[in-house]
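This report goes through one protein model with its bound metal ions. It takes one helix as a starting point, then the metal sites, the backbone and the chain as a whole.

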Amino acid sequence: MKALIKELVEAFGPSGYEEQVAELIRAKAQAVADDIRTDNLGNLIVLKKGTGGGKRVMISAHMDEIGLIVSYIDKKGFARFNPVGGLPISTMTGARVRFANGTVGVIYNEKDGWAGPGSLADCYIDTGATCPEDSPVQIGDVACINRPMEELGPRLTSKAMDDRIGCAVALQALLELPASPNDVYFVFSVQEEVGCRGAMVAAFGIEPDVAVAVDVTSWGDTPQAKPMAIELGKGPAIKVKDGGMLAHSGVKRWMVASAEAAGVPYQLEVLIGGTTDAYTIQTARAGVPTGCLSVPTRYVHSPSEVVDYNDVLNATRLMVQMLANPISW
Ligand code: CO
Ligand code: ZN
């Protein structure tokens, strides 16, 4: 599964520009899917049909990652930019970014230098241009962080773990899923980082009986971390609450029972800030019982997010257990 994760996290896919990620997933899902389609916003929807009598389930993992967009190019060719999603400026000085056309740029904060955190207004992207005319990027061009995945002992680090790690879990669960009574719609969603927009329309179209988002969550196990009962390596997290939603209590019970049945370690998650696709799925149409399976992740939204590989494998095992059996709570 590491090779799959590497391919997914290294792909280019800021919000609104998820096609490269979608193509990767489509190619791997094709062999086992009963139907694959792309909807009007770009969500990739992969159906694995059940044997009948089960539930219509929606799984949602977002393909988009934090990005930045060129807003202005000055006389000397330096590109000013705005964030696409929640970009922590303090992690940007010295970062390299890559545009869809392959252009690489370096970010610097000319006011604060290395002292950071600074403000976005003082940052620019140096693409090697010397004037607007020779700039390899134009207004509106979008970039993402440029970093390869690397292994840190039992851990993996990369840009875009949020949420390609969720895409990897969902895709691997699809590939491993045995025959089940449930019709499972695996949605690889777009535009989560700008307001969970893709999942919102996908849920409206699919009309699921139950839904589960799979995404990253925060951590509480570094020296000065804010108190949070989530540690890397202690298993995937079953969400109870985050900044945008309360998990449906029945869905939470079903997830906990599935973890216990599969012998998968799990942690219960209360996240203070932030939310996931589950937030907009839950309120689609007349409402959908919705939960969220989380992969504990350090340094979320930085160029070097860190997950524990065992947590990823256990999240996949838990998802297979949840989907392979009749669903009740
Ligand atoms: Co995010
Ligand atoms: Zn996310």
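Which residues of helix α2 (residues 19-29) are buried? In this predicted model, they are Val 21, Ala 22, Leu 24, Ile 25 and Ala 29. These residues lie on the same side of α2, because the arc they cover around the axis is only 160 degrees. On the face turned away from that buried side, α2 carries the exposed residues Glu 19 and Ala 27. The cover over the buried residues of α2 includes two helices, α1 (2-10) and α3 (161-176). It also includes the strands β1 (35-38), β2 (44-48) and β12 (183-189).

The loop between α2 and β1 contains Val 32. With a relative accessible area of 23%, Val 32 is partly exposed. Leaving aside residues up to four places away in sequence, Val 32 touches Lys 48, Leu 174 and Leu 175. The C-alpha atom of Val 32 is separated by 9.2 Å from that of Leu 177, although the two residues are 145 residues apart along the chain.

**Metal sites**

The model holds a cobalt ion (ligand 1) and a zinc ion (ligand 2), which lie 3.2 Å apart and are bridged by Asp 162. The table sets out the two sites.

| Ion | Protein donors | Donor distances | Donor angles |
|---|---|---|---|
| cobalt ion (ligand 1) | Asp 162 (OD), Glu 193 (OE), Glu 193 (OE), His 301 (NE2) | 1.8 to 2.6 Å | 54 to 143 degrees |
| zinc ion (ligand 2) | His 62 (NE2), Asp 162 (OD), Asp 215 (OD), Asp 215 (OD) | 1.9 to 2.6 Å | 52 to 146 degrees |

Why is the arrangement around the cobalt ion (ligand 1) irregular? Its four donor atoms subtend angles of 54 to 143 degrees, whereas four donors count as tetrahedral if all angles lie between 85 and 135 degrees. Square planar would need opposite donors over 155 degrees apart, and the angles at the cobalt ion (ligand 1) run from 54 to 143 degrees, so the arrangement is irregular. For the zinc ion (ligand 2), the angles of 52 to 146 degrees likewise make the arrangement irregular.

In sequence, the donor residues of the cobalt ion (ligand 1) follow the spacing D-x30-E-x107-H. Distant parts of the chain are linked here: Asp 162 sits in helix α3, and His 301, 139 residues apart from it, is in the loop between β16 (290-298) and β17 (305-308). Asp 162 is buried, with a relative accessible area of 5%. His 301 counts as partly exposed, at 21% relative accessibility.

The spacing of the donor residues of the zinc ion (ligand 2) is H-x99-D-x52-D. His 62 belongs to strand β3 (residues 56-62) and Asp 162 to helix α3, so this pair ties together parts that are 100 residues apart in sequence. At 1% relative accessibility, His 62 counts as buried.

**Backbone**

Most residues other than glycine have a negative phi, and most peptide bonds are trans. Where does a cis peptide bond occur in this model? It joins Asp 162 and Asp 163, with omega at about 5 degrees. Asp 162 is also the residue that coordinates both metal ions, and Asp 163 is placed in helix α3.

A positive phi, near 45 degrees, is found at Arg 285. Arg 285 lies in the loop between α6 (278-282) and β16, and is partly exposed, with a relative accessible area of 45%. Phi is also positive at Tyr 299, with a value near 60 degrees. Tyr 299 lies in the loop between β16 and β17, and is partly exposed, with a relative accessible area of 34%.

**The chain as a whole**

The protein chain has seven helices and 17 strands. Its C-alpha trace spans about 65 × 45 × 35 Å along the principal axes. A compact globule of 329 residues would have a radius of gyration near 20 Å, and the 20 Å of the protein chain agrees with this. Of the 329 residues, 53% count as buried.

How much of the contacts with a separation of 6 or more comes from residues 24 or more positions apart? Such residues account for 75% of these contacts in the protein chain. The accessible surface comes to about 13,300 Å², and 52% of it belongs to carbon and sulfur atoms.

Technical notes: Residues numbered from 1 in each chain as written. Chains lettered and ligands numbered in written order. Predicted model: local features only at pLDDT ≥ 70, side-chain atom pairs only at ≥ 80, totals over all residues. Heavy atoms only, no water. Buried < 20%, exposed > 50% of the residue type's maximum accessible area, 1.4 Å probe, protein only. Helix = DSSP H or I, 4+ residues; strand = E, 2+ residues; numbered from the N terminus. Arc of directions from axis to C-beta. Contact = heavy atoms within 4.5 Å. Donors = N, O, S within 2.8 Å, 3.2 Å for Na, K, Ca; no water. Tetrahedral: all angles 85-135°; square planar, octahedral: opposite > 155°, others 65-115°. Rg over C-alpha atoms; globule rule 2.2 N^0.38 Å. Areas by Shrake-Rupley, 256 points an atom, 1.4 Å probe, with all protein chains shown as cover.
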